[in-house]
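This report describes a single protein chain from its fold down to particular residues. The sequence and structure come first, and the text then follows them.

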Amino acid sequence: MTLPSRPVGELLRTWRQRRSLSQLDLACRADVSARHVSFLETGRSKPSREMLLHLAEELDIPLRERNSLLVAAGFAPAYSEESLDAPALRAAREAVDLVLTGHEPYPALAVDRHWTLIAANRAIGMLLAEVSPELLRPPVNVLRLSLHPEGLGGNIVNLEQWRAHVLSRLQRQIDVSADETLAALHEELRGDAAHGGAPPTGGPSRERDFAGVVVPMRLRTRYGVLSFFSTTTVFGTPLDITLSELAIESFFPADRPTAELLRRIAESGAGTDA
């Protein structure tokens with residue numbers, strides 16, 4: 001999402017407040033005076049390009065919105081936005097494919113900032129075997145797919161627990177990014193839950209709770225109930241917007257039976273096609 005066109009001072013104040021920082025807090029982090037921060041926010045001082053980028057770094061503003069700050073102040077954008085298929089990002093795309101393939105026999109996928117599916121490895125096919133073909137028509141939103149009753153939601157044993165985890169994670173992403181598309185997705189998914197968008201598929205989970213550190217997804221498949229937890233990988237210090245918004249979601253077996261079954265399936269060559 002790109003914040004509406006407003007004076008750069010207002011944009012700075014909005015991001016500072018979103019990060020729950022006072023002007024003094026930001027001044028201390030950025031090693032400038034609180035008075036200077038105040039003058040920038042009220043428009044009494046015009047920020048330099050370097051100062052804007054410095055404050056944006058301290059406020060952890062997404063690269064897309066850093067460009068918006070620069071444009072609002074009359075400067076050219078600092079960060080490019082290339083397609084993942086562009087020659088300039090060829091090495092990055094190859095790295096993504098390498099990570100996805102290297103994670104087999106466990107499922108993994110790559111998504112953009114709105115959770116649109118970009119790529120996936122062969123092991124994902126096993127999870128999608130019971131999914132409605134309608135939900136697999138591009139563009140595929142991974143979060144919608146995971147909770148929809150005709151997607152994975154109809155076969156997730158601990159659906160309520162998983163939905164709460166997904167919505168909480170999505171809300172944290174919204175808090176950081178101020179992305180209106182993600183906010184609308186959150187409202188949609190929360191509304192679906194409130195209106196009984198997916199029926200419960202099992203009783204209370206008997207899965208170990210991992211001391212509250214991770215939430216497993218327990219999925220009913222033709223091979224039995226498989227249990228997974230996921231991790232997210234992002235590119236470090238990217239200078240391109242596309243790369244900064246790309247994430248790889250990797251699923252790991254949450255118990256030994258799941259791990260052993262996935263290995264057997266991979267060795268037999270079965271279960272890898274959706």
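P139 is found in the loop between α7 (124–127) and α8 (142–147), and the peptide bond that reaches it from P138 is cis, with omega near -5°. Helices (H or I, at least four residues) and strands (E, at least two) are DSSP runs, numbered from the N terminus.

The model is predicted: local features need pLDDT of at least 70, side-chain atom pairs count only at pLDDT 80 or more, and totals for chains, interfaces and linings use all residues. Residues are numbered from 1 along each chain as its sequence is written, and side-chain values use heavy atoms, with hydrogens and water left out.

**Overall**

The protein has 12 helices and five strands. Of its 274 residues, 44% are buried; buried means under 20% relative accessible area, exposed over 50%, and partly exposed in between (1.4 Å probe, protein chains only). The accessible surface is about 14,000 Å², and carbon and sulfur atoms account for 53% of it. Accessible areas come from the Shrake-Rupley method with a 1.4 Å probe, and for residues only the protein chains shown count as cover. Among contacts (heavy atoms within 4.5 Å) between residues at least 6 apart in sequence, 59% join residues at least 24 apart.

**Backbone details**

A second cis peptide bond joins E104 and P105, and P105 lies in the loop between α6 and β1. Positive phi values occur at the residues below.

| Residue | Place | Phi |
|---|---|---|
| D31 | after α2 | near 60° |
| D60 | loop between α4 and α5 (63–72) | near 55° |
| A178 | loop between α9 and α10 (180–194) | about 60° |

D60 counts as partly exposed because its relative accessibility is 48%, whereas A178 is buried, with a relative accessible area of 10%.

**Helix α2**

Which residues of α2 (residues 23–30) are buried? They are L26, A27 and A30. Seen down the axis of α2, the buried residues fall within an arc of 100°, so they line one face of the helix; the arc is that of the directions from the helix axis to the C-beta atoms. The face turned away from this buried side carries the exposed residues L24 and C28. The cover over the buried residues of α2 includes α1 (8–18), α3 (34–42) and α4 (49–58).

**Nonpolar cores**

In soluble globular proteins, nonpolar side chains tend to be buried together. A nonpolar core is here a set of buried Ala, Val, Leu, Ile, Met, Phe, Trp, Tyr and Cys residues joined through side-chain atoms within 4.5 Å. The largest such core has 35 residues, and those touching the most other members are W115, L143, I156, L170, L189 and F228. Helix α9 (residues 159–177) gives this core its largest share, six residues. Apart from it lies another core of 20 residues, among them W15, A30, L69 and L70.

Leaving out residues up to four places away in sequence, F228 touches residues including P107, L127, M217, F251, F252 and L262.

**H103**

H103 is found in the loop between α6 (90–102) and β1 (108–111). Why does H103 count as buried? Its relative accessibility is 11%. A polar atom of the H103 side chain lies 2.7 Å from the backbone oxygen of F251. Not counting residues up to four places away in sequence, H103 touches A108, N121, S250, F251 and F252.

Technical notes: Polar contact = N/O pair within 3.5 Å; in protein donor to acceptor, adjacent residues only side chain to side chain.
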